[in-house]
Amino acid sequence: MALPVFDGHNDVLLRDRSFADASDEGHLDLARARAGGFAGGFFAIFTPHPDGFEPGAERAPDTPPEPAVEHEHALGHTWSGARKLLELERAGALRVARSPGDLELGDDVLAVMHIEGAEAIDPELALLPALHTLGLRSLGLTWSRPNAFGHGVPFAYPSSPDTGPGLTDAGLALVRACEELGILVDLAHLDERGFWDVAAVTERPLVVTHACSHALVPSARNLTDRQLDAVRDSDGVVGVCFHHEDVGPERTDIARQVDHIARRLGPRHVALGSDFDGCELPAGMRGAQDLPLVLDDLRALGWEEPELRLVAHENFLRVLRQVQNAASSRAMPTGSS
């Protein structure tokens with residue numbers, strides 16, 4: 001039986017096909033999830049830009065970020081994505097996690113509702129509690145474009161992640177509001193100054209759901225050693241992204257990135273953040289059905305089962321529980337047991 005994987009990021013909700021239906025397209029569906037031990041993960045809701053860059057466009061050191069998208073445009077896509085995820089739950093294709101007690105792996109695929117890029121949130125944050133009630137438990141402050149809260153890194157290579165200003169006042173308020181509600185704040189796609197702004201104000205672990213080491217691949221999307229160290233010092237987690245321009249050209253580069261980060265931070269602070277259905281996979285990786293091959297690549301590097309379980313699912317589930325439990329304890333009235 002394949003070791004269960006709880007994955008940091010997928011974009012299957014963006015596809016025209018349904019996660020519930022077996023398909024030869026893309027990387028992820030229910031059949032391939034079961035074949036590869038994909039037991040759950042962060043299911044992203046994302047707003048494509050109507051005039052954005054073409055997928056697969058060539059990267060350069062001066063590649064600019066994508067233009068911003070309008071709030072109303074993002075809001076429509078967000079409601080549509082949330083509806084699609086909840087319809088999959090009603091159909092029995094997955095189970096949406098809403099409380100710490102839900103964060104247990106079982107027979108059903110476990111989905112954490114995640115919004116990638118906070119454009120659908122108004123700067124006054126009036127919509128955030130409603131989205132939380134709907135099931136939102138993870139929020140990426142930016143995608144690779146600016147918004148009212150901060151600045152995302154461009155898809156530049158080679159490039160430092162220090163590509164723009166930090167968080168706005170609204171962005172700092174959004175981080176605090178997410179902490180109060182128990183919504184994990186994801187720093188993937190955020191520029192370096194924004195990363196340090198979050199690190200300065202947060203009381204929660206720093207989490208980057210899908211990125212890699214800048215020391216190995218100098219993409220603007222990847223994390224410097226100093227950023228990685230901050231993740232460790234906060235008891236956070238980095239999910240290694242599978243996109244070939246960030247991780248490397250071969251499937252074995254995924255294990256190489258995991259091993260490199262674990263040697264610096266410890267295996268408690270690294271996980272898998274595939275970006276299935278939102279990336280171009282390295283050679284030798286077809287989709288979720290090949291997750292056991294990634295774990296075998298780690299075994300070939302000397303990894304043993306307790307450390308593999310941390311990377312495969314325990315680390316992400318730990319930080320999700322920490323974020324939600326901290327919010328629950330803050331909400332308890334004084335004197336409650």
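Helix axes are lines fitted to C-alpha atoms over the stretch in contact, and angles run from 0 to 180 degrees between N-to-C directions. The model is predicted: local features need pLDDT of at least 70, side-chain atom pairs count only at pLDDT 80 or more, and totals for chains, interfaces and linings use all residues. Residues are numbered from 1 along each chain as its sequence is written, and side-chain values use heavy atoms, with hydrogens and water left out.

The axes of helix α4 (residues 169–181) and helix α5 (residues 192–201), with helices taken as DSSP runs of H or I of at least four residues, come within 10 Å and cross at roughly 45 degrees. Helix α4 is therefore oblique to α5, a class left for angles outside under 35, over 145 and 65 to 115 degrees. L172, V175 and R176 of α4 make the contact (heavy atoms within 4.5 Å) with D197, V198 and V201 of α5. Four of the contact residues are nonpolar, none polar and two charged.

Two cavities of 30 Å³ or more are present; a cavity is a set of points on a 1 Å grid over the protein atoms alone where a 1.4 Å probe fits but cannot get out, and lining residues have an atom within 4 Å of a point. A volume is the space filled by probe spheres set on the points.

| Cavity | Volume | Residues nearest the centre |
|---|---|---|
| Largest | about 90 Å³ | E179, V185, T202, R204, P205 |
| Second largest | about 60 Å³ | L187, L190, R221, N222, L223 |

The lining of the largest cavity divides into ten nonpolar, one polar and two charged residues, whereas that of the second largest has nine nonpolar, three polar and one charged.

Key:
Helices (H or I, at least four residues) and strands (E, at least two) are DSSP runs, numbered from the N terminus. Ala, Val, Leu, Ile, Met, Phe, Trp, Tyr, Cys and Pro count as nonpolar, Asp, Glu, Lys and Arg as charged, and the others, Gly among them, as polar. On a 1 Å grid over the protein atoms alone, a cavity is a set of points where a 1.4 Å probe fits but cannot get out, and a pocket is an open set with protein on both sides within 12 Å along at least five of seven lines; lining residues have an atom within 4 Å of a point.
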